[in-house]
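Here are a few exercises to do with the model on your screen. Try each task yourself before you read the solution.

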Amino acid sequence: MNLDNFGMDTITLAGPLEAKLRAIQDAGFTQVMLSAADLVGHPGGEDAAVAAVRSSGLRVTGFQVLRDFEGLSGHLHAYKVDVAKAMLRMCRALGSEVLLACSSTSAHAVGDPESLIKDLQKLAMLAVPLDIRIAYEALSWGRHVNEFPQAAELVQRADRANLGLALDSFHIFANKTRLAALQEIDPAKVFLVQLSDFMWEEIRSPDDRIETARHYRVFPGEGVHSTRVAEMVRTLDEMGYRGDYSFEVFNDDYRQLPLPMVAERARLSVKWISGLVSRRSLPARRSGGAAAVP
Amino acid sequence: MSIREPTPEPSNPLGLGGIEFIEYATSKPQEFGSLLQKMGFSAVARHRSREVLLYRQGSMNLIVNAHPDALPGLSSPGSTPALAAIALRVRDAAYAHRRALELGAWDMPTRASAMELNIPGIHGVGDSLVYFVDRHGDFSIYDVDFVPLAGADPGPPAIAGLHYFGVVQAILVDRTADWLDFYQSLFGFSVLPQGQYFGILPRGTLLESPCRTFYLQLIEPPPGSEEIHWDEGLVRLGLGARDIPAATRALQERGIAFVDRGTVQPSQKGALTQAYLGGVNFELVVSHLKP
């Protein structure tokens with residue numbers, strides 16, 4: 001693996017969008033994971049933000065994040081459909097092929113699988129004409145879906161080509177989900193993998209989980225779950241996952257440090273991960289029949 | 001739920017019953033009109049208030065929309081006629097529309113329709129629309145919006161039994177599965193087995209309408225065509241006929257030229273007209289369908 005397989009995430013960095021893009025690029029990254037705030041918070045408006053991203057030449061790993069979409073009904077559902085459409089339009093404008101959708105935390109959301117599947121199918125359908133794939137992620141404090149095997153089952157049952165999974169190491173470690181369960185997932189259904197770590201062993205309460213997730217994540221290789229990060233990346237690689245990784249590192253310290261310094265830490269993290277799975281850049285060796293074709 | 005709520009059978013959830021009309025948008029309606037006449041269509045009616053003409057040939061209705069805001073919020077019609085919409089006959093248009101939106105279709109922009117009537121529709125591929133029409137037969141949508149052209153035969157016969165056969169849709173790489181989901185879940189189309197093709201351009205994936213009266217052909221860019229500009233959209237209309245050589249001859253006599261190079265030769269199976277007006281063409285396909 002190398003830098004080209006990783007998107008750095010704008011949420012890790014402080015400052016204006018242009019400065020973030022420049023720092024990410026200067027560190028050698030070729031991809032960027034964007035969030036809606038990058039667009040709507042841009043002083044020049046959304047079009048200026050889109051132009052900045054497009055002229056940077058960075059490929060867009062994905063766009064985040066649609067929250068609390070599934071499980072609602074009536075006017076709440078209609079409201080969320082409007083939100084989803086706006087997110088999809090922004091995603092399309094950026095040339096992002098992936099929209100990240102997190103499992104619902106809403107107290108108003110029902111949890112019966114049939115309703116959730118129906119809503120995920122609807123979200124996927126909304127995304128079809130815009131050529132966008134929906135990456136559904138189990139948030140560790142999700143109300144009904146909070147571990148990736150649950151999300152994987154819904155995605156499988158929804159059975160839509162443009163609906164897949166986002167796997168986030170933080171949420172997996174926070175809920176101590178078995179990594180072995182990854183092997184039951186079709187690698188083609190993993191649309192995005194988000195990596196991060198944190199610096200303490202135990203998360204004691206749901207509030208602690210949210211607090212850690214939003215303020216105290218670090219890059220892989222910097223935290224205390226390096227063994228598990230390594231196991232996750234190796235497992236995904238052995239499964240045949242060849243998609244993108246992004247660094248979902250929410251960290252208050254990093255948001256008050258010089259951008260080049262933070263981007264450099266991200267680059268070192270890629271180096272650390274590449275040391276774990278160095279052979280990925282030679283996919284021909286692993287892809288069976290295709291290897292015979294020059 | 002009211003007692004009158006339709007309870008459609010799963011295989012044809014909308015009660016789809018064929019293509020009511022096909023709509024093209026162009027800023028050169030007269031040039032396109034003369035091409036259509038060579039193809040056997042006759043202008044039969046004019047829209048009451050917009051620059052829109054209704055052409056007809058046998059069972060086929062074809063609308064040419066040159067209204068400047070033919071597609072509001074989208075682009076104005078270009079000079080090359082573009083397939084802008086497919087109108088589907090359904091049992092209950094309001095129900096079909098409501099169901100499509102519930103399943104995640106995008107509602108069409110208001111006033112995008114060529115019609116004054118409130119014909120509901122949704123976004124299709126690219127800039128195109130899909131309308132739902134349930135007023136066909138004795139009292140048709142055209143009676144409200146169109147004024148018959150003086151002296152025009154309202155039911156001009158078809159050349160060599162030509163009828164709507166299908167529409168070719170260009171899609172991007174690896175998008176076949178996405179569009180299959182779209183047409184299967186919204187309309188109940190089914191996929192024909194690989195290798196089952198009609199006509200002379202055996203490519204892509206063929207979808208059959210649940211009413212089995214027309215087809216959609218999804219085509220990804222061919223391998224090695226990375227340099228070609230390839231957008232998603234409706235690209236070509238397919239017309240069916242029982243006897244392709246007879247249909248080809250009849251159209252040639254009317255001044256239509258067919259591609260006769262390489263693998264695309266007029267044959268018993270089909271024929272492809274040359275590209276007119278900057279890129280519009282028609283495909284003839286040997287057809288088992290009833291005109």
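**Exercise 1.** Where is the place of Ala160(B), and what is the sign of its phi?

*Solution.* Start with the place: Ala160(B) is in the loop between strand S8 (146–148) and strand S9 (163–170) of chain B. Helices (H or I, at least four residues) and strands (E, at least two) are DSSP runs, numbered from the N terminus. This is a predicted model, where local features need pLDDT of at least 70, side-chain atom pairs count only at pLDDT 80 or more, and totals for chains, interfaces and linings use all residues. Residues are numbered from 1 along each chain as its sequence is written, chains are lettered from A and ligands numbered from 1 in the order in which they are written, and side-chain values use heavy atoms, leaving out hydrogens and water.

Next, the angle: phi of Ala160(B) is positive, near 50°. Most residues other than glycine have a negative phi. Last, the surface: with a relative accessible area of 37%, Ala160(B) is partly exposed (buried is under 20%, exposed over 50%, partly exposed in between; 1.4 Å probe, protein chains only).

**Exercise 2.** Is Arg212(B) buried or exposed?

*Solution.* First find Arg212(B) in the loop between strand S11 (205–208) and strand S12 (215–219) of chain B. Then check its relative accessibility: 59%, so Arg212(B) counts as exposed. While you're there, notice its positive phi of about 55°, although Arg212(B) is not a glycine.

**Exercise 3.** Which residues of helix H5 (residues 244–253) of chain B are buried, and why do they line one face?

*Solution.* Pick out the buried ones: Ile244(B), Ala247(B), Thr248(B) and Leu251(B). Now look down the axis of H5(B): these residues fall within an arc of 100°, so they line one face of the helix. The arc is taken from the directions from the helix axis to the C-beta atoms. Finally, look at the partners: the buried residues pack against H1, strand S13 (233–241), strand S14 (270–272) and S15 of chain B (contact means heavy atoms within 4.5 Å).

**Exercise 4.** How many disulfides are there over all chains?

*Solution.* Recall that a disulfide is a covalent bond between the sulfur atoms of two cysteines; the test here is a pair of cysteine sulfur atoms within 2.5 Å. Searching the whole structure gives zero. Take Cys102(A): the nearest cysteine sulfur, that of Cys91(A), is 14 Å away, and Cys102(A) is in no disulfide. Cys102(A) is also buried, with a relative accessible area of 9%.
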